Amino acid sequence: MSLALSTGHEIGLGVTGLVFILFALASSFLFPRFRPDYPGRGLLAFIVVAFVFFFGMLTAVEVFGAETKHHAVAAPQPTTATAATTTAQQTTTAQTATQATTTAAKPAATKVAVSETEFKITALTALKAGEIMFEAKNDGKIPHDLAIKQTGEKTNLIPPGGTAELKVTLKAGKYELYCTVPGHEAAGMKLNVTVS
Ligand SMILES: [Cu+2]
(Lines give C-alpha, C1' and ligand atoms only; values in the text may rest on other atoms or scores of the structure.)
Protein backbone atom coordinates (compact mmCIF):
# COMPACT_ATOMS: atom_id res chain seq x y z
CA MET A 1 0.00 0.00 0.00
CA SER A 2 2.77 2.41 0.93
CA LEU A 3 4.21 1.93 -2.54
CA ALA A 4 0.94 3.08 -4.08
CA LEU A 5 0.98 6.35 -2.13
CA SER A 6 2.87 9.40 -3.31
CA THR A 7 5.79 10.45 -1.13
CA GLY A 8 3.91 13.44 0.33
CA HIS A 9 0.85 11.45 1.32
CA GLU A 10 2.93 8.59 2.61
CA ILE A 11 4.79 10.97 4.94
CA GLY A 12 1.55 12.70 6.00
CA LEU A 13 -0.07 9.41 6.90
CA GLY A 14 3.10 8.13 8.53
CA VAL A 15 3.63 11.23 10.67
CA THR A 16 -0.02 11.28 11.80
CA GLY A 17 0.18 7.60 12.72
CA LEU A 18 3.51 8.04 14.50
CA VAL A 19 2.21 10.98 16.61
CA PHE A 20 -0.89 8.93 17.45
CA ILE A 21 1.19 5.92 18.50
CA LEU A 22 3.63 8.05 20.52
CA PHE A 23 0.73 9.72 22.34
CA ALA A 24 -0.84 6.34 23.11
CA LEU A 25 2.46 4.84 24.35
CA ALA A 26 3.29 7.95 26.39
CA SER A 27 -0.15 7.91 27.96
CA SER A 28 0.23 4.25 28.87
CA PHE A 29 3.80 4.11 30.13
CA LEU A 30 5.59 7.46 30.23
CA PHE A 31 3.16 9.93 31.82
CA PRO A 32 2.04 7.61 34.66
CA ARG A 33 5.69 7.16 35.62
CA PHE A 34 6.12 10.90 36.37
CA ARG A 35 2.53 11.63 37.35
CA PRO A 36 1.05 8.57 39.05
CA ASP A 37 -2.42 10.01 38.97
CA TYR A 38 -2.25 10.75 35.22
CA PRO A 39 -4.53 11.65 33.64
CA GLY A 40 -6.16 12.47 37.03
CA ARG A 41 -7.65 15.94 36.98
CA GLY A 42 -6.78 16.21 33.29
CA LEU A 43 -9.09 13.30 32.42
CA LEU A 44 -11.45 15.44 30.36
CA ALA A 45 -8.54 16.97 28.45
CA PHE A 46 -7.08 13.51 27.94
CA ILE A 47 -10.37 12.22 26.50
CA VAL A 48 -10.64 15.25 24.21
CA VAL A 49 -7.05 14.82 22.99
CA ALA A 50 -7.65 11.08 22.52
CA PHE A 51 -10.76 11.79 20.41
CA VAL A 52 -8.96 14.45 18.41
CA PHE A 53 -6.23 11.96 17.60
CA PHE A 54 -8.76 9.22 16.85
CA PHE A 55 -10.71 11.31 14.34
CA GLY A 56 -7.52 12.93 13.14
CA MET A 57 -6.22 9.49 12.27
CA LEU A 58 -9.46 8.59 10.48
CA THR A 59 -9.29 11.83 8.51
CA ALA A 60 -5.64 11.24 7.71
CA VAL A 61 -6.40 7.77 6.39
CA GLU A 62 -9.27 9.13 4.30
CA VAL A 63 -7.33 12.11 2.93
CA PHE A 64 -3.91 10.60 2.49
CA GLY A 65 -5.06 7.05 1.83
CA ALA A 66 -7.61 8.19 -0.77
CA GLU A 67 -4.84 8.53 -3.27
CA THR A 68 -4.43 4.76 -3.36
CA LYS A 69 -7.46 4.51 -5.66
CA HIS A 70 -6.13 7.13 -8.06
CA HIS A 71 -2.83 5.34 -8.19
CA ALA A 72 -4.46 1.97 -8.70
CA VAL A 73 -6.20 3.43 -11.76
CA ALA A 74 -3.18 5.41 -12.87
CA ALA A 75 -0.67 2.64 -12.30
CA PRO A 76 -1.23 0.74 -15.60
CA GLN A 77 -0.79 3.93 -17.63
CA PRO A 78 3.02 4.07 -17.60
CA THR A 79 3.09 0.56 -19.09
CA THR A 80 0.62 1.54 -21.81
CA ALA A 81 2.49 4.75 -22.51
CA THR A 82 5.76 2.87 -22.78
CA ALA A 83 4.18 0.37 -25.16
CA ALA A 84 2.74 3.20 -27.25
CA THR A 85 6.09 4.95 -27.34
CA THR A 86 7.80 1.75 -28.37
CA THR A 87 5.23 1.21 -31.12
CA ALA A 88 5.60 4.80 -32.27
CA GLN A 89 9.35 4.45 -32.38
CA GLN A 90 9.12 1.24 -34.35
CA THR A 91 6.69 2.87 -36.78
CA THR A 92 8.99 5.85 -37.15
CA THR A 93 11.93 3.57 -37.74
CA ALA A 94 9.95 1.62 -40.32
CA GLN A 95 8.90 4.82 -42.07
CA THR A 96 12.45 6.14 -42.06
CA ALA A 97 13.65 2.86 -43.55
CA THR A 98 10.94 3.00 -46.22
CA GLN A 99 11.75 6.60 -47.04
CA ALA A 100 15.45 5.82 -47.27
CA THR A 101 14.75 2.92 -49.62
CA THR A 102 12.42 5.03 -51.74
CA THR A 103 14.91 7.87 -51.90
CA ALA A 104 17.75 5.54 -52.83
CA ALA A 105 15.67 3.72 -55.45
CA LYS A 106 14.41 6.73 -57.39
CA PRO A 107 15.33 10.38 -56.94
CA ALA A 108 12.26 12.60 -56.86
CA ALA A 109 11.11 13.40 -60.38
CA THR A 110 9.93 16.91 -61.19
CA LYS A 111 6.16 16.74 -61.48
CA VAL A 112 4.56 18.69 -64.29
CA ALA A 113 0.79 18.96 -64.53
CA VAL A 114 -0.59 18.79 -68.07
CA SER A 115 -4.17 19.60 -69.03
CA GLU A 116 -5.62 18.42 -72.34
CA THR A 117 -8.81 19.71 -73.96
CA GLU A 118 -10.22 20.07 -77.50
CA PHE A 119 -7.85 21.04 -78.89
CA LYS A 120 -5.22 22.43 -76.61
CA ILE A 121 -2.44 21.27 -74.30
CA THR A 122 -1.68 23.42 -71.28
CA ALA A 123 1.44 22.99 -69.14
CA LEU A 124 4.54 24.74 -67.88
CA THR A 125 6.81 25.33 -70.86
CA ALA A 126 10.10 25.94 -69.05
CA LEU A 127 11.34 22.72 -67.45
CA LYS A 128 14.44 21.62 -65.63
CA ALA A 129 16.58 18.87 -67.16
CA GLY A 130 16.43 15.48 -65.49
CA GLU A 131 13.66 13.12 -64.54
CA ILE A 132 10.24 14.60 -65.26
CA MET A 133 6.87 13.13 -64.40
CA PHE A 134 4.17 14.52 -66.69
CA GLU A 135 0.83 14.17 -64.92
CA ALA A 136 -1.61 14.40 -67.79
CA LYS A 137 -5.29 15.04 -67.19
CA ASN A 138 -7.89 14.83 -69.90
CA ASP A 139 -10.12 17.82 -69.18
CA GLY A 140 -11.90 17.39 -72.51
CA LYS A 141 -14.89 15.43 -73.78
CA ILE A 142 -13.14 12.90 -76.04
CA PRO A 143 -10.12 10.61 -75.49
CA HIS A 144 -6.60 12.04 -75.81
CA ASP A 145 -3.06 10.95 -75.03
CA LEU A 146 0.17 12.74 -74.32
CA ALA A 147 3.33 12.12 -76.32
CA ILE A 148 6.78 13.65 -76.71
CA LYS A 149 7.69 13.95 -80.36
CA GLN A 150 11.50 13.88 -79.87
CA THR A 151 11.61 10.76 -77.67
CA GLY A 152 8.60 8.86 -78.99
CA GLU A 153 7.34 8.19 -75.46
CA LYS A 154 3.60 8.44 -74.85
CA THR A 155 0.80 7.60 -72.47
CA ASN A 156 -2.08 5.27 -73.20
CA LEU A 157 -5.28 6.82 -74.49
CA ILE A 158 -6.81 8.80 -71.62
CA PRO A 159 -10.62 8.79 -71.35
CA PRO A 160 -12.42 12.10 -70.63
CA GLY A 161 -11.85 13.01 -66.96
CA GLY A 162 -9.04 10.46 -66.71
CA THR A 163 -5.38 10.88 -65.84
CA ALA A 164 -2.12 9.26 -66.89
CA GLU A 165 1.50 9.67 -65.92
CA LEU A 166 4.42 9.85 -68.32
CA LYS A 167 7.83 9.58 -66.71
CA VAL A 168 10.78 10.59 -68.83
CA THR A 169 14.35 11.79 -68.49
CA LEU A 170 14.98 14.84 -70.63
CA LYS A 171 18.26 16.54 -71.42
CA ALA A 172 18.39 20.25 -72.11
CA GLY A 173 16.73 21.10 -75.40
CA LYS A 174 13.43 21.90 -77.10
CA TYR A 175 10.65 19.34 -77.11
CA GLU A 176 7.12 19.13 -78.39
CA LEU A 177 4.29 17.67 -76.36
CA TYR A 178 1.35 16.58 -78.49
CA CYS A 179 -1.65 14.30 -78.78
CA THR A 180 -1.21 11.34 -81.16
CA VAL A 181 -4.93 10.92 -81.89
CA PRO A 182 -5.16 11.54 -85.68
CA GLY A 183 -5.93 15.15 -86.48
CA HIS A 184 -5.57 16.44 -82.92
CA GLU A 185 -2.02 17.75 -83.25
CA ALA A 186 -3.00 19.65 -86.39
CA ALA A 187 -6.09 20.96 -84.60
CA GLY A 188 -3.89 22.55 -81.97
CA MET A 189 -2.99 19.87 -79.44
CA LYS A 190 0.72 20.60 -79.32
CA LEU A 191 2.92 22.50 -76.93
CA ASN A 192 6.56 23.49 -77.27
CA VAL A 193 8.55 23.19 -74.04
CA THR A 194 12.12 24.17 -73.29
CA VAL A 195 14.23 22.01 -71.00
CA SER A 196 17.33 23.64 -69.52
CU1 LIG B 1 -6.28 14.42 -78.63
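1. Start with the β7-β8 pair. In this predicted model, strand β7 covers residues 173-178 and pairs with β8 over six bridges. The two strands run in the antiparallel sense. For a landmark, take Glu 176: its bridge partner in β8 is Asn 192.

2. Now follow β8 to its other link. Strand β8 spans residues 190-195 and is joined to β3 by two bridges. Here the strands run parallel. Ala 126 marks the spot, with Thr 194 as its bridge partner in β8.

3. Put these pairs together. They belong to an open sheet of four strands, in the order β3-β8-β7-β5. The pairing is mixed. At the edges stand β3 (126-127) and β5 (147-148). Each has a single partner strand, so one side of each is left without a neighbour in the sheet.

4. Turn to the other sheet order, β2-β1-β4-β6. This is an open sheet of four strands, and its pairing is mixed. Its edge strands are β2, at residues 120-122, and β6, at residues 163-170. Both β2 and β6 pair on one side only. On average, neighbouring strands of this sheet are turned by 25° against each other, direction ignored.

5. Look at one pair within that sheet. Strand β1 takes in residues 110-117 and is joined to β2 by three bridges. These two strands run antiparallel. Ser 115 is a useful place to look: Thr 122 in β2 stands opposite Ser 115.

6. A general point on side chains applies when reading strands. In a regular strand they alternate between the two faces of the sheet.

7. Check the confidence before reading further. The average pLDDT of the protein is 75. A score of at least 70 is reached by 48% of the residues.

8. Two stretches call for a separate remark. Over residues 72-83 the pLDDT is below 50. Beyond near neighbours in sequence, residues 72-83 have one contact in the model. Over residues 98-103 the pLDDT stays under 50 as well. For residues 98-103 the model has zero contacts beyond four places in sequence.

How values were computed
Residues numbered from 1 in each chain as written. Predicted model: local features only at pLDDT ≥ 70, side-chain atom pairs only at ≥ 80, totals over all residues. Pairing = 2+ DSSP bridges. Axes fitted to C-alpha atoms, helices over the stretch in contact; angles between N-to-C directions. pLDDT = per-residue confidence, 0-100. Contact = placed C-beta atoms within 7 Å.
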